[in-house]
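Work through the following exercises with the sequence and the model side by side. Try each task before reading the solution beneath it.

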Amino acid sequence: MRPRASHFPQMKLPLLSDFRRKGLWFRLRKILLCVLGLYVAIPFLIKLCPGIQAKLIFLNFVRVPYFIDLKKPQDQGLNHTCNYYLQPEEDVTIGVWHTVPAVWWKDAQGKDQMWYEDALASSCPIILYLHGNAGTRGGDHRVELYKVLSSLGYHVVTFDYRGWGDSVGTPSERGMTYDALHVFDWIKARSGDNPVYIWGHSLGTGVATNLVRRLCERETPPDALILESPFTNIREEAKSHPFSVIYRYFPGFDWFFLDPITSSGIKFANDENVKHISCSLLILHAEDDPVVPFQLGRKLYNIAAPSRSFRDFKVQFIPFHSDLGYRHKYIYKSPELPRILREFLGKSEPGRQH
């Protein structure tokens, strides 16, 4: 007997894999829409809350390395360093490290703050180091630079700006500059006729040129200014920063991202400050710097070199080839650094060098 033919068309049941593919595509589309929404929302959030941009510039809330006691610099291998606290203004306290020349490390053991302060009057030159954003005065690359400078016979005085590390206060460009001025004056009150040099790195170059411009205007300039990985001004640096890549071609980029910086009172105008500085200037910059582009350091030099304010002083630009791998914060590793400093700082006579 033949089986009866079915009067109902055969239905093909959907495969389980089809459901999975559709579910995966739905989830992927949902994620993409969320990412796109966030991408569009961030510029408006920054425009409405310019304080966010200020925090991203200062990054003072990023404390790396985290588990260190800033009261004990010896834990970082600085066994000839004393920790101080100074008060630039009411309700503002800043933590300071003073490292004496390495040849004194035995004499420095167990000495108190008074001994370190008196040591500033010795015949050794002094470097006031102004660090960049994020981290503290105990950052690894900063500590390594202190060791190098100390081994070359320099006192190194460094500090955390208000709001950084264990320093108390709210960060601002004005406040950072005033903190630096206070420490400089504190050094000069104890150092007699010893040379005092100012060294700024990254964001610290903005503080350094602010400070030195003010010192020159009051006719108490430092003996030299050293800028490591400098930029021209904070707007150009923000536009060139790797974090800005995904928004660089966003419509209204300047209005959304750069104008809030200016409205927060943050300028760090190195390009304008160098026109009012009258002391020797040394610029150090690695060609492979991923944070502050090399061309900004070169541009700053090109602005400073022909400036009338430097006509009686040395102006020098030292590039470090990208093959060396010094990037943004490892110039201290250069075996040429002692010679560069000796030749630049060792000559007291004026006369510009290019």
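**Exercise 1.** How far apart are the mean positions of the positive and negative charges of the protein?

*Solution.* Begin with the kind of structure and its numbering: this is a predicted model, in which local features need pLDDT of at least 70 and side-chain atom pairs count only at pLDDT 80 or more, while totals for chains, interfaces and linings use all residues. Residues are numbered from 1 along each chain as its sequence is written, and side-chain values use heavy atoms, with hydrogens and water left out. Next, decide what is counted: Lys and Arg are positive, Asp and Glu are negative, and His and the chain ends are not counted. Each charge is placed at NZ of Lys, CZ of Arg, CG of Asp or CD of Glu. With 43 positive and 36 negative charges, the two mean positions come out 14 Å apart.

**Exercise 2.** Describe the overall build of the protein and explain why it counts as more spread out than a compact globule.

*Solution.* First take the elements: the protein has 12 helices and 8 strands, where helices (H or I, at least four residues) and strands (E, at least two) are DSSP runs numbered from the N terminus. Then compare the radius of gyration, taken over C-alpha atoms, with the globule rule, 2.2 Å times the number of residues to the power 0.38. For 354 residues the rule gives 20 Å, and the protein is more spread out than a compact globule because its radius of gyration, 27 Å, is well over that. The C-alpha trace spans about 120 × 50 × 45 Å along its principal axes. Finally, buried residues make up 49% of the 354 residues, with buried meaning under 20% relative accessible area, exposed over 50%, and partly exposed in between (1.4 Å probe, protein chains only).

**Exercise 3.** Find which residues of α11 are buried, and work out how they are arranged around the helix axis.

*Solution.* The helix α11 covers residues 294–304, and its buried residues are Phe294, Leu296, Gly297, Leu300, Tyr301 and Ala304. Seen down the axis, these fall within an arc of 170°, so they line one face of α11; the arc is that of the directions from the helix axis to the C-beta atoms. As background, an α-helix has 3.6 residues a turn, so residues three or four places apart point the same way. The cover over the buried residues of α11 includes β6 (224–228), α8 (234–240), α10 (270–273), β7 (280–286) and β8, as judged by contact, meaning heavy atoms within 4.5 Å. Gln295, also in α11, is by contrast exposed, with a relative accessible area of 52%.

**Exercise 4.** Examine the backbone at Pro65, Ala134 and Arg327, and state what is found at each.

*Solution.* Start from the general expectation: most residues other than glycine have a negative phi, and most peptide bonds are trans. The peptide bond from Val64 to Pro65, however, is cis, with omega near -10°, and Pro65 is placed in the loop between α2 (50–58) and β1 (81–89). Ala134 is not a glycine, yet its phi is positive, near 65°; Ala134 belongs to the loop between β3 (126–130) and α5 (140–151) and is buried, at 19% relative accessible area. Arg327, likewise not a glycine, has a positive phi of about 50°. Arg327 sits in the loop between β8 (315–320) and α12 (337–345), and counts as partly exposed at 41% relative accessibility.
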